[in-house]
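These are my notebook entries from going through the structure, chain by chain and element by element. I kept to what I could look up directly.

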Amino acid sequence: MEKPYGLLAELTYACPLQCAYCSNPLELDAYRDELSTEDWQRVFAEAAELGVLQLHLSGGEPLQRHDIVELVQCATDLGLYTNLITSGLGLSTRRAEQLLAAGLDHIQLSIQADEAALNDQIAGTTSFERKQVAAQLVKQLGWPLTLNVVLHRQNIDRIGGILDMAVAMDADRVELANTQYAGWAGHNRDELLPTRDQLERAEAVVRAARERLGDTMEIIYVIPDYYSKYPKPCMDGWASRQFTVVPNGEALPCPAAHELGRALDLPPANVREHSLEWIWESAPLFQQYRGDAWMPDPCRSCDRKEIDFGGCRCQAFALTGDAARTDPVCHLSPDHGIVEDAVAAANDPLRPQESSLTPRSKLIRTKKRTTASTRGMSATTLVQFSETILKGRQ
Amino acid sequence: MRLTKAMELTDEDARPRLAPHVRLTYSAARKEYALLSPETIWVINATGAAIVELCDAQRTIAEISAELRDRYDQVAESDVRSFVANLVTKHGMEVNHGKALRTAR
């Protein structure tokens, strides 16, 4: 069994934004009982011992945790590469300087659009100007700047303006990833899924920008898997290289596995009760889809099973109710009609223009040293590091 | 600093360094070297780590190769060049052309 390389720590589901594309679970209230500072420090130490090299600090909004500087310092002391995935709200100059001093390696700043009105509409809160300020701060302090923009039907036509904004911000990297339909984004899928025309136009803009900008800015562009022939290699295989710990201490092999774990009625793998080593090596939830013994056909006999690992278990579960089926995104899946129907609906010229997105609900932190009121949505949809996390294979 | 594409690495004055978001580490738990970045991890061997340690935007590929030859029996300059070129293509390294600079890292 390989040791994990990456840990995604979802520190809190509290967030000042309410983006409808959030990948956090619908039942945010179930995650209010957050791990303490000491719990997380122990988790980080166990992760490092287990072989983890890369720590993603996310949420919700991780800056809602008042111990964020302490947590970064702990991870730095353990030699972990630390990546803060933030909306930028709560990144004051003082906080940023403290994070820099604590050794924070990298910041991924989410932004919803290239102009204030649309940005604030998508985020559900006035945040555009503060994000601009946060971007400047990141550069001023000498961090490389990665801009995250989750793309969807409502903002993908702005991709040219978004790229111009990234250049103006002097971003080093920009991630333009279409939404993965988990959590709130799953609930809002039909309003988020772009049309084929939108995607073609966006791809042309990205191609032109790459040519124009050369290597001065790295552009990462990810299409919605609903439009691809084969599924994504979700997490590079279940419990293969990385895992997630959510605010209440549950460990998940995929950041979207909250409901799947409960539906299988497997004993929870919670860091409050078990060591990470036990969870990684022995927890039934982690064993469940590890390797390929669980695979049905067409995956079992497919020569791509080592490439995409059958796709995303959580997407199979969300769409079919059975996590052990082939990801319906795959054109070979017997359930592919579900995806085709959604794509057809997205491209229906007669569909109403009016959108009815459900904003992510607000979650107020009630535990400990709580600030004023804060709430939620997040940049987490982009944490699909399974797309790009690579070992040796460049 | 001017950045470059990998194919331009034939430039005699090319002086590589890690990209600002990339960090070299040795993991005691894994007993391996790795280059860490926000989404990507490159596991590299000890020779690769030795190359990376010499990539400081001051040394040319030829100078790096010469230094490595003092330490290892077989170091082909073409291997060093392709190792660096590969990382430049993947945005893991940047290349400074021209004279050695005092860089701000």
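**Chain B, overall.** I began with the contacts in chain B that have a separation of 6 or more, and found that residues 24 or more positions apart account for 59% of them. I keep in mind throughout that this is a predicted model, with scores of ipTM 0.83 and pTM 0.89. For the make-up of chain B I noted three helices and five strands, which follow the pattern β-β-β-β-α-α-α-β when read along the sequence. I then looked up burial, and of the 105 residues in chain B, 34% are buried.

**Chain B, confidence.** The mean pLDDT of chain B is 83, and I recorded that 83% of its residues reach 70 or more. Over residues 1–7 of chain B, however, pLDDT stays under 50, and for this stretch the model has 15 contacts beyond four places in sequence. I therefore read those contacts with caution, as pLDDT is the predictor's confidence in each residue.

**Chain B, α1 against α2.** I turned next to a helix pair, for which the general description is the angle between the axes and the distance between them. Helix α1 of chain B covers residues 46–54 and helix α2 of chain B covers residues 61–71; their axes come within 10 Å and cross at roughly 135°. That angle makes α1(B) oblique to α2(B), and I noted the crossing as right-handed. Which residues make this contact? From α1(B) I listed B:A50, B:I51 and B:L54, which meet B:I64, B:E67, B:L68 and B:R71 of α2(B). Sorted by class, the contact has five nonpolar residues, two charged and no polar ones.

**Chain B, the loop at B:D56.** Between α1 and α2 of chain B there is a loop, and I picked out B:D56 in it. Is B:D56 buried, exposed or partly exposed? I found 16 other C-beta atoms within 10 Å, so B:D56 is partly exposed. I also checked B:D56 against B:V95, which is 39 residues apart from it in sequence and 9.7 Å apart in space, C-alpha to C-alpha.

**Chain A, α6 against α9.** In chain A I looked up helix α6 (residues 159–168) and helix α9 (residues 196–213), which pack at an angle of about 30° with their axes 9 Å apart. The two helices are therefore roughly parallel to each other. On the α6(A) side I noted A:I159, A:G160 and A:L163, and these meet A:A202, A:V205, A:V206 and A:A209 in α9(A). By class, I recorded six nonpolar residues, one polar and no charged ones in this contact.

**Chain A, α14.** How enclosed is helix α14 of chain A? I found seven of the eight residues in this helix (313–320) to be buried, so α14(A) is largely enclosed by the rest of the structure. The buried residues are A:R313, A:C314, A:Q315, A:A316, A:F317, A:A318 and A:L319. When I asked what covers them, the elements included α7 (184–187), α10 (258–263) and α15 (336–346) of chain A. After α14(A) comes A:G321, with a positive phi near 85°.

**Chain A, backbone details.** I looked for cis peptide bonds and noted one that joins A:G59 and A:G60, with omega about 10°; A:G60 sits in the loop between β2 (54–58) and α2 (68–77) of chain A. Another cis bond runs from A:D297 to A:P298, with omega near 10°, and A:P298 belongs to the loop between α12 (284–287) and α13 (305–308) of chain A.

I then turned to phi. A:D236 is not a glycine, yet its phi is positive, about 55°, and this residue lies in the loop between β7 (218–222) and β8 (242–245) of chain A. Because A:D236 has 21 C-beta neighbours inside 10 Å, I entered it as buried. A:A239, also not a glycine, has a positive phi of about 50° and is placed in the loop between β7 and β8 of chain A. A:A239 has 25 C-beta neighbours inside 10 Å, so I entered A:A239 as buried too.

Key
Residues are numbered from 1 along each chain as its sequence is written. Chains are lettered from A and ligands numbered from 1 in the order in which they are written. This is a predicted model: local features need pLDDT of at least 70, side-chain atom pairs count only at pLDDT 80 or more; totals for chains, interfaces and linings use all residues. Axes are lines fitted to C-alpha atoms, for helices over the stretch in contact, and angles run from 0 to 180 degrees between N-to-C directions. Helices (H or I, at least four residues) and strands (E, at least two) are DSSP runs, numbered from the N terminus. Angles under 35 degrees count as roughly parallel, over 145 as roughly antiparallel, 65 to 115 as roughly perpendicular and the rest as oblique. A crossing is left-handed if the near helix is turned anticlockwise from the far one by less than a right angle, and right-handed if clockwise. Two residues are in contact if their C-beta atoms, placed from the backbone, lie within 7 Å. Ala, Val, Leu, Ile, Met, Phe, Trp, Tyr, Cys and Pro count as nonpolar, Asp, Glu, Lys and Arg as charged, and the others, Gly among them, as polar. A residue is buried if 20 or more other C-beta atoms lie within 10 Å of its own, exposed if 12 or fewer, and partly exposed in between; C-beta atoms are placed from the backbone. pLDDT is the predictor's confidence in each residue, from 0 to 100.
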